[in-house]
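Dear colleague,

I am passing on the structure we spoke about, and below it you will find my notes on what turned up when I went through it. Please read them with the structure open beside you.

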Amino acid sequence: MAEKLQPLKVLYCSVCSLPAEYCEFGPDFEKCKPWLLKNAPGLYPDLVSEAEKAAEQLQGVNISGEKGDTSKRQGSAANFQPDEEVKKLPGGKVKKKEKPEIIIEKVIRNKRKCVTMIKGLDLFGIKLSEASKKFGKKFASGASVVKGPTEKEQIDVQGDLMLDIVDFITETWENVPESAIFFIEDGRKVPAVG
């Protein structure tokens, strides 16, 4: 008669609830590593060697409050200076920080109607909703905050107000220098001063 087969006993991880052999394919292997080191060190021998290396490195570290030999600490956390956070774009390009500037552009619609668009007021800390109310009251026209084609908010004021609006911006908000205001004329950016 043939031997009766016994069921195989499987060790399940208490962190990810997978069999211990499959923890590395689970949702979070990093959380499973301490459990595997304790309960199944034979399955992942490379984990055991990593843990031993980490323990050796930790033995050579002093706590900064202790009195004693500080020669081991030189060049470690005592002299650590974090790098400035630089936003990197795909392809390794570094994103430049935007210069605060106001761009004023006139758009003609329906042959005779003009709309003056003001972009960049928010870079000077100006609330666009309050600014649009001030433009509407000053120039007795409709003014609203809209999202532009670049998904940034801008103010649209009805009418051709290119020259008057520069004086109004510099008088109303003192923190906006006249040199930071530009016009878009014929597709080129032209300084409003001069």
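I begin with a single pair of side chains, in which Glu 101 makes a polar contact with Lys 189 at 2.7 Å; please bear in mind throughout that this is a predicted model. Glu 101 is found in the loop between helix 2 (45-59) and strand 1, and with a relative accessible area of 16% it counts as buried, because the cut-off for that word is under 20%. Leaving aside neighbours within four places in sequence, Glu 101 is in contact with Lys 119, Gly 120, Leu 123, Phe 124, Ala 180, Phe 182 and Lys 189. Of these partners, Phe 124 is 23 residues apart from Glu 101 in sequence, while their C-alpha atoms are 8.2 Å apart in space.

Next, the sheet. It is an open sheet of 6 strands in the order 3-4-2-1-5-6, and its pairing is mixed. Strand 3 and strand 6 (188-191) are the edge strands, each of them pairing on one side only, and from one strand to the next the twist averages 30°. Helix 4 (residues 162-172) packs on this sheet, where it touches strand 1, strand 2, strand 4 and strand 5 (181-185), and its direction makes about 150° with that of strand 1.

Two of the strand pairs deserve a closer description. Strand 1 (residues 102-109) and strand 2 (residues 113-119) run antiparallel and are joined by 7 bridges, with Ile 104 having Ile 118 in strand 2 as its bridge partner. Strand 3 (residues 143-147) and strand 4 (residues 153-158) also pair in the antiparallel sense, over 5 bridges, and here Ala 143 stands opposite Val 157 in strand 4. The hairpin that these two strands form has 5 residues between the strands, and within it Glu 151 takes a positive phi near 65°.

Turning to the interior, the largest nonpolar core has 24 residues, and those with the most contacts inside it are Ile 102, Ile 104, Ile 118, Leu 121, Phe 135, Ile 165 and Ile 169. At least two residues of this core are supplied by each of strand 1, helix 3 (128-139), strand 4, helix 4 and strand 5, and the largest share, 5 residues, comes from helix 4. In soluble globular proteins, nonpolar side chains tend to be buried together.

Which residues of helix 4 are buried? They are Met 162, Ile 165, Val 166, Phe 168 and Ile 169, and what covers the buried residues of this helix includes strand 1, strand 2, helix 3, strand 4 and strand 5. Ile 104 shows this packing from the side of the sheet: not counting residues up to four places away in sequence, Ile 104 touches, among others, Met 162, Ile 165, Val 166 and Ile 169, as well as Ile 118, Ile 181 and Phe 183. A second, separate core has 10 residues, including Ala 20, Cys 32, Trp 35 and Leu 47.

Finally, a serine in helix 3, Ser 132, is also worth finding on your screen. Ser 132 has a relative accessible area of 8% and is therefore buried, since the limit is under 20%. Not counting residues up to four places away in sequence, Ser 132 touches Ala 143, Ser 144, Val 145 and Ile 155.

With best wishes

How values were computed:
Residues are numbered from 1 along each chain as its sequence is written. This is a predicted model: local features need pLDDT of at least 70, side-chain atom pairs count only at pLDDT 80 or more; totals for chains, interfaces and linings use all residues. Side-chain values use heavy atoms; hydrogens and water are left out. Two strands pair if DSSP finds at least two bridges between them. Helices (H or I, at least four residues) and strands (E, at least two) are DSSP runs, numbered from the N terminus. Axes are lines fitted to C-alpha atoms, for helices over the stretch in contact, and angles run from 0 to 180 degrees between N-to-C directions. Contact means heavy atoms within 4.5 Å. A nonpolar core is a set of buried Ala, Val, Leu, Ile, Met, Phe, Trp, Tyr and Cys residues joined through side-chain atoms within 4.5 Å. Buried means under 20% relative accessible area, exposed over 50%, partly exposed in between (1.4 Å probe, protein chains only). A polar contact is a pair of N or O atoms within 3.5 Å; within protein, one must be able to donate a hydrogen and the other to accept it, and residues adjacent in sequence count only if both atoms are side-chain atoms.
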